[in-house]
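Me: I'm new to this one and keep tripping over the vocabulary. Could you walk me through how the labels get assigned?

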Amino acid sequence: MASGEEITVCEDEVRSRYSHLEKMTDLVAVWEVALSDGVHKIEFEHGTTSGKRVVYVDGKEEIRREWMFKLVGKETFTVGATKTKAAINIDAVSGFAYEYTLEINGKSLKKHMENRLKTTNTWILNLDGTDYRVVLEKDTMDVWCNGQKMETAGEFVEDGTETHFTVADHSCCIKAVSSGKRKEGIIHTLIVNNREIPEAVE
């Protein structure tokens with residue numbers, strides 16, 4: 001019994017070593033996608049001889065198709081804690097050249113990023129030696145920190161609203177104040193320990 005188990009381990013080692021080599025040659029695209037619960041890495045392998053397609057999200061295999069006779073098409077999957085819809089489009093450009101485009105919620109990655117700038121605010125801060133990424137979804141007023149949706153308490157104040165939450169025993173507050181200009185709308189500011197945190201651009 002024990003010797004049989006040893007053989008299995010050896011076979012798996014060989015297989016993983018081989019698949020790693022294979023992976024290096026078939027990796028055709030890598031994207032970084034900023035969502036409320038974090039920045040996710042999407043990797044895509046496309047074997048143009050075998051038609052193999054493999055999608056990895058944050059290093060975890062999401063889709064594997066070994067033999068695809070059709071080399072063009074689309075692979076759909078979800079990303080992150082929010083199960084955001086994503087799709088990779090595979091298009092033939094010329095001969096054996098292919099183009100790979102990533103869509104998030106039905107929009108191109110570029111449009112998705114532009115939309116995020118309008119609908120979210122992101123702050124990066126360091127508390128007690130740990131980095132935190134705080135994201136405010138302006139439409140729902142949901143607050144995310146390092147991939148977790150935070151418990152918040154909102155209150156109306158004289159010049160707008162305040163959303164209170166706690167990160168690593170530090171009290172945090174997102175102030176929402178009208179800019180007084182219609183085009184700018186509402187300005188959101190993160191205050192941690194009475195200190196204003198500059199907004200991050202992702």
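Reply: Sure. Let's start with a cut-off: a residue is called exposed when its relative accessible area is over 50%, buried when under 20%, and partly exposed in between. Keep in mind that this is a predicted model.

Me: Okay, so why is Asp169 called exposed?

Reply: Its relative accessible area is 78%, and the label asks for over 50%, so Asp169 counts as exposed. You'll find Asp169 in the loop between strand E14 (160-167) and strand E15 (170-178).

Me: And what makes Asp58 partly exposed?

Reply: Asp58 comes in at 44%. That sits between 20% and 50%, so "partly exposed" is the right label for Asp58. Asp58 is in a loop too, the one between E3 and strand E4 (60-65).

Me: What is notable about phi in Asp58?

Reply: Phi of Asp58 is near 55 degrees, which is positive, and Asp58 isn't a glycine. Most residues other than glycine have a negative phi. Asp169 also has a positive phi, of about 65 degrees.

Me: Which residues touch the most other members of the largest nonpolar core?

Reply: That core has 20 residues, and the ones touching the most other members are Trp31, Ile42, Phe44, Val55, Phe77, Ile88 and Leu102. Strands E1, E2, E3, E5, E6 and E7 each supply at least two residues of this core.

Me: What is Phe77 in contact with, leaving aside its neighbours within four places in sequence?

Reply: Its contacts include Ile42, Val55, Ile88 and Leu102. Another core, of 16 residues, lies apart from the largest one, with Trp123 and Leu190 among its members.

Methods:
Residues are numbered from 1 along each chain as its sequence is written. This is a predicted model: local features need pLDDT of at least 70, side-chain atom pairs count only at pLDDT 80 or more; totals for chains, interfaces and linings use all residues. Side-chain values use heavy atoms; hydrogens and water are left out. A nonpolar core is a set of buried Ala, Val, Leu, Ile, Met, Phe, Trp, Tyr and Cys residues joined through side-chain atoms within 4.5 Å. Buried means under 20% relative accessible area, exposed over 50%, partly exposed in between (1.4 Å probe, protein chains only). Helices (H or I, at least four residues) and strands (E, at least two) are DSSP runs, numbered from the N terminus. Contact means heavy atoms within 4.5 Å.
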